[in-house]
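Work through the following exercises with the sequence and the model beside you, and try each task before reading its solution.

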Amino acid sequence: MIQLNYRDTRPIYIQIIDGLKEQIAAGVLPHGQKLPSVRELASQLAINPNTIQRAYRQLEMEGWIATVPGKGCFVCGSDARNRELERWFSAFDEAASALMALGVAKESLIDRIGQGG
């Protein structure tokens with residue numbers, strides 16, 4: 001499900017958040033899908049359940065998942081995905097504008113996008 005990299009500078013709970021967001025955005029975890037319980041996921045990843053709880057809490061605050069008392073956590077990320085896309089497109093627009101103001105040609109930006117980074 002989620003791959004943790006212990007050499008990554010990001011905290012484990014952020015890696016879990018990012019991994020779940022990627023899976024939701026890609027449709028691997030569709031709307032309405034039940035997520036593993038905190039204990040199940042902690043056991044699978046061999047980490048402290050508090051770390052999973054922290055990640056789930058953050059995802060819920062951002063609207064990616066919803067907790068149903070007594071039932072578990074469920075994916076509800078379509079609105080959150082749209083907000084995330086809008087945030088990244090806005091950041092992209094700002095970066096492109098700044099680069100063009102520095103004299104970078106539009107064609108260079110297009111070539112850069114075509115290269116994937």
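The exercises below treat cysteines first and charged side chains afterwards.

This is a predicted model, in which local features need pLDDT of at least 70 and side-chain atom pairs count only at pLDDT 80 or more, while totals for chains, interfaces and linings use all residues. Residues are numbered from 1 along each chain as its sequence is written, and side-chain values use heavy atoms, with hydrogens and water left out.

**Exercise 1.** Find how many disulfides (pairs of cysteine sulfur atoms within 2.5 Å) the whole structure holds, and explain the result for Cys-73.

Solution. Step one: a search of the whole structure gives zero disulfides. Step two: the cysteine sulfur closest to that of Cys-73 belongs to Cys-76 and lies 9.8 Å away, which is too far, so no bond is formed. Step three: Cys-73 is buried at 12% relative accessibility, where buried means under 20% relative accessible area, exposed over 50%, and partly exposed in between (1.4 Å probe, protein chains only). Cys-76, at 25%, is partly exposed.

**Exercise 2.** Identify the salt bridges (a side-chain nitrogen of Lys or Arg within 4 Å of a carboxyl oxygen of Asp or Glu) and state which partners are shared.

Solution. Step one: the structure contains three salt bridges. Step two: Glu-62 pairs with Lys-21, their closest N and O atoms being 2.7 Å apart. Step three: Asp-8 pairs with Arg-10 at 2.7 Å, and Arg-10 also meets Asp-18 at 2.4 Å, N to O. Step four: shared partners therefore join Asp-8, Arg-10 and Asp-18 into one network.

How values were computed. Disulfide = S-S within 2.5 Å.
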